[in-house]
Every structure is written in structure tokens, then in C-alpha cells.
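Work through the following exercises with the sequence and the model side by side. Try each task before reading its solution.

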Amino acid sequence: MSRVAVIGAGAMGAGIAQVAAQHGWDVHLQDVDDAVVEAAIAGIRKRLDRLVEKGRITREDADAAGERLHPVDGRLGDCELLIEAIVEDLEVKTKVLGELVPRLPSDAIVATNTSSLSVGELGDRLDIPGRCCGMHFFNPAPIMKLVEVVRGRDTDEAVVDRVADIAAAWGKQVARCADTPGFIVNRVARPYYLEAFRIVEDGIASPDFIDDTMKTIGGFRMGPMELTDFIGHDVNTATTRTVWEQWNRSARLAPSWLQESLVSEGHLGRKSGRGIYDHQADTPTCVIQVVENAPAVSDELAAAAMDFTRHASEQEATPEQALVFARILTALINEARWAEHDGVAAPADIDTAVRYGVNYPRGLLEWRDSIGPERVSGLLRELDASTDDDRFAEPS
Ligand SMILES: NC(=O)c1ccc[n+]([C@@H]2O[C@H](COP(=O)([O-])OP(=O)(O)OC[C@H]3O[C@@H](n4cnc5c(N)ncnc54)[C@H](O)[C@@H]3O)[C@@H](O)[C@H]2O)c1
């Protein structure tokens, strides 16, 4: 039987352990002490029970998966793969893995679930650059379909292939990418939130109008504003800041002052009861006032937004909806193009990543192709002319 060691039994480690056990792997879990591991195993078994109650899996399959979960108990020598999901701190990860790696088979793969640290640097510090790889699951790991398989500077290609095969065998969609800040999703999805905040800051539209537009015209499952309330503005701004700093403070990825002010006021979203919406009411109500000070929209920009929207959506949009939808979707498409340009990933991997990592209705580059690249560029030029920074600049 294939064996995996999962180090760190928190939100991500427990989720990854469940996925592996449900797909027939023997899982050896480790955390700071036995009580944490036992609690995590009990929690996973409870989740498996709930899946049985809902008719998603059989009792036999749940019991078999539950039986495959064990504390590490010195069995590292049998593991072909180790996945670490401990605190996001390079020093801690290096120290913990430094003690475990010598106990693994000499060809075992060491995968990190890090969201923001360099896979290559971790591999170098552990002195195993060839067999250290990123295996970036999304939260909650048993539900979210995507795994980004991150190739460190010196990761062996055979290691990348094997990790991709394992993720696929565990029922995941795989997007391969380079070891760059934010990998694919945490970078390419940023304009969904950032451009929406800018539209509010510019006094063009209210958050609830933006949310409604992105769902009805764009087919997105959640609007950007309600999604940031759900994620938590503290978490969302922290990721924005990290990615922005690491990508040379690009104007395209710059933090929103409105979102940062929500954080400093303690309005973190659903978890604090209030963010952009008041969540204490029966139906969440938007509590952000929009100062209507929008500069006039040129006829050329309005026409380009309408033309773009007609080719991007089958829904009939008003000019106001077209302006909002076209601005956010073009910003996303442009970021996907920049990611391809910067060598982050191939177009098909970028599209897989946004479809399964953030559940977009279509891949962004495929969407660009169906809208027409020239039409997208035309709108970008109009947007570029109407803004005073270079966030709508295209890659050459
Ligand atoms: N939460 C997310 O949405 C998410 C998504 C993708 C990736 N990640 C990454 O996954 C990793 C874990 O995140 P999480 O959200 O599961 O965190 P978490 O806080 O829920 O879990 C971390 C676990 O690591 C354990 N740990 C700490 N020091 C340890 C040690 N010395 N030895 C063994 N275990 C130790 C903690 O006790 C805890 O159980 C981080 O690198 C994070 O960046 C998180």
C-alpha cells in the first residue's frame, strides 16, 4: 500500500489526510503532540460519517478510510511521500523537516503546502532541492478540486510528474506552475477583489450592484465584495500585501485603501458580523456608502465596455453593468496574460487553476479567446487612457 506522512494536522493537514485516506493511501499524521493528532483523526472520522449520512460514500468506504489514518509512530521509513502543512514560517518548516527528512527513504518526495514561501529555498535549506516540490491544496482540501504543483528551481521533472499523478489519482485537477509569489490563483484572482474595490472607491457603483452584476452577467458564483466578506478582509489584504510586495509593487496588485480601512476598523467580514455587509441582519445589507464622484465615462470607453460584454456574456447588460463587468473581467484576463508572460504557468494550467481553485465559470484565457484578443486589447487601451496609473498596461 502507498504511504504518505502528513506533517501538521490543522485545517489543511487534516483535510489532505482525509483526501489521501479516501483514495486508498495509508496516512501517518504528525503534529506538535499526540493529542492534536488524535483530535484530528477523530475529526476526520466524523466528517467521513457525515458523508455516509448524506449518501455520498458507503459505510464500508468510510470505515476503510478511517482505518488508514494513524499517528506517525516511527513509520516514516515506509513513506514514499511527505506533505507538510505546518505553520507558514520558513524557519519552523526547515527545522521540523530537517529532523524528519533523514528518516524517510532516500528517494522520498517532500512536498510543501505553503501558500507564500519559496519551494526552491525550502529544498535548498533541506539539501534536497531535486525532491522538494510544492503541492498546494485549497481550503477545504476535501472539497476544493485544485492542486497547484509547484516546480522549485531545481525540482526534478520526474518528481513534479509523480506529484501531479498522485494529485490526479486523489481526484484533483492539477495546475503546474513555477515557484513564483502567489503561484497562480493567489496572484491571478487578485484583480477580482482589487478592481471591485477600486470601482467603489471611484464612486462608480455600490458593492451590492457589483456583486449582482458579476453573478448575473458574469456567471460567477459569488460577487467579489461578498466573497471578501466571506474570506475575511484581514486574510484577503494580507495575501494582497504579500503578493504585491513580492511582485515589485505592481500597480495591478496594489492594496485597496478601502479594504485596509475596513481591517483597521475591525470590520473583517462575516466572522466579525460586519464588513462590506452587515451580517447580523436576516439578509446581509450593504453598509458601505458610495460617494458618487465618478469622472465622466468617455463615449469610447462606454462603447468598448458594451461591445466587450456582448461578446463575453449571453446576458443582456445595462451600460452600468457592462462598465463594471468589463472592467473587472478585463483586469482578470490581463493578470492571467501577465502571469503567462512572467513564466508562472502555461495558459491551460492558468485556466485550470481559476476554474477549480476559485470556481470561475470559465478559464480566463479561453474567455479572452472567445471575446477576441483584439477586443480585449481595445478595452484595455480605453481603460488605460481613463486611469492615472498603469494597471491596465498589457504585457508586450
Ligand atoms: N488555511 C488555508 O486556507 C491554506 C490554504 C493553502 C495552504 N495553506 C498552508 O498550509 C499550511 C498550514 O496551514 P493551516 O491553515 O492548516 O494552519 P493551521 O494553523 O490550521 O495548522 C497548522 C498545524 O501545524 C502544527 N504545527 C505547528 N508546529 C508544528 C511542528 N513543529 N510539528 C508539527 N506540527 C506543527 C500546528 O499544531 C497546527 O495543527 C501553511 O503553510 C499555510 O500557508 C493554508
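The exercises below go from the whole chain to single residues, and the model they use is predicted.

**Exercise 1. Overall fold**

Task: Decide whether the radius of gyration of the protein chain agrees or disagrees with that of a compact globule.

Solution:
- Start with the expectation. For 396 residues, a compact globule would have a radius of gyration near 21 Å.
- Compare. The protein chain has 22 Å, so the value agrees.
- Add the extents. Along the principal axes, the C-alpha atoms fill a box of roughly 70 × 50 × 40 Å.
- Count elements. The chain has 17 helices and 10 strands.
- Check burial. Buried residues are 48% of the 396.
- Check contact range. Take the contacts between residues at least 6 apart in sequence; 66% of them join residues at least 24 apart.

**Exercise 2. The ligand shell**

Task: Find which residues come nearest to the ligand, and which helix supplies the largest share of the shell.

Solution:
- The shell has 23 residues; Gly8, Gly10, Met12, Glu88 and Asn139 come nearest.
- Map the shell onto helices. H1 (11-22) and H4 (90-100) each supply at least two residues.
- Pick the main contributor. H1 gives three residues, the largest share.
- Sort by class. The shell holds 13 nonpolar, eight polar and two charged residues.

**Exercise 3. A helix pair**

Task: Describe how H13 and H17 pack.

Solution:
- Locate them. H13 spans residues 299-312 and H17 spans residues 373-386.
- Give the geometry. The angle is about 150°, and the axes are 9 Å apart.
- Give the hand. The crossing is left-handed.
- List the contact. H13 uses Glu300, Leu301, Ala304, Ala305, Asp307, Phe308 and His311; H17 uses Arg375, Gly378, Leu379, Glu382, Leu383 and Ser386.
- Sort the contact by class. It has six nonpolar, three polar and four charged residues.

**Exercise 4. Unusual backbone**

Task: Where is the cis peptide bond that involves Pro140, and are Asp127 and Phe183 buried or exposed?

Solution:
- Recall the background. Most residues other than glycine have a negative phi, and most peptide bonds are trans.
- Find the cis bond. It joins Asn139 and Pro140, with omega about 0°. Pro140 sits in the loop between E6 (132-137) and E7 (146-151). Asn139 is also among the residues nearest the ligand.
- Take Asp127. Its phi is positive, about 65°. It lies in the loop between H5 (119-125) and E6. It has 9 C-beta neighbours inside 10 Å, so Asp127 is exposed.
- Take Phe183. Its phi is positive too, about 50°. The loop between E8 (173-178) and H7 (185-188) holds Phe183. With 27 other C-beta atoms within 10 Å, Phe183 is buried.

Key:
Residues numbered from 1 in each chain as written. Predicted model: local features only at pLDDT ≥ 70, side-chain atom pairs only at ≥ 80, totals over all residues. Near = placed C-beta within 6 Å. Helix = DSSP H or I, 4+ residues; strand = E, 2+ residues; numbered from the N terminus. Nonpolar A, V, L, I, M, F, W, Y, C, P; charged D, E, K, R; others polar. Rg over C-alpha atoms; globule rule 2.2 N^0.38 Å. Buried ≥ 20, exposed ≤ 12 C-beta atoms within 10 Å, placed from the backbone. Contact = placed C-beta atoms within 7 Å. Axes fitted to C-alpha atoms, helices over the stretch in contact; angles between N-to-C directions. Left-handed = near helix turned anticlockwise from the far one by under 90°.
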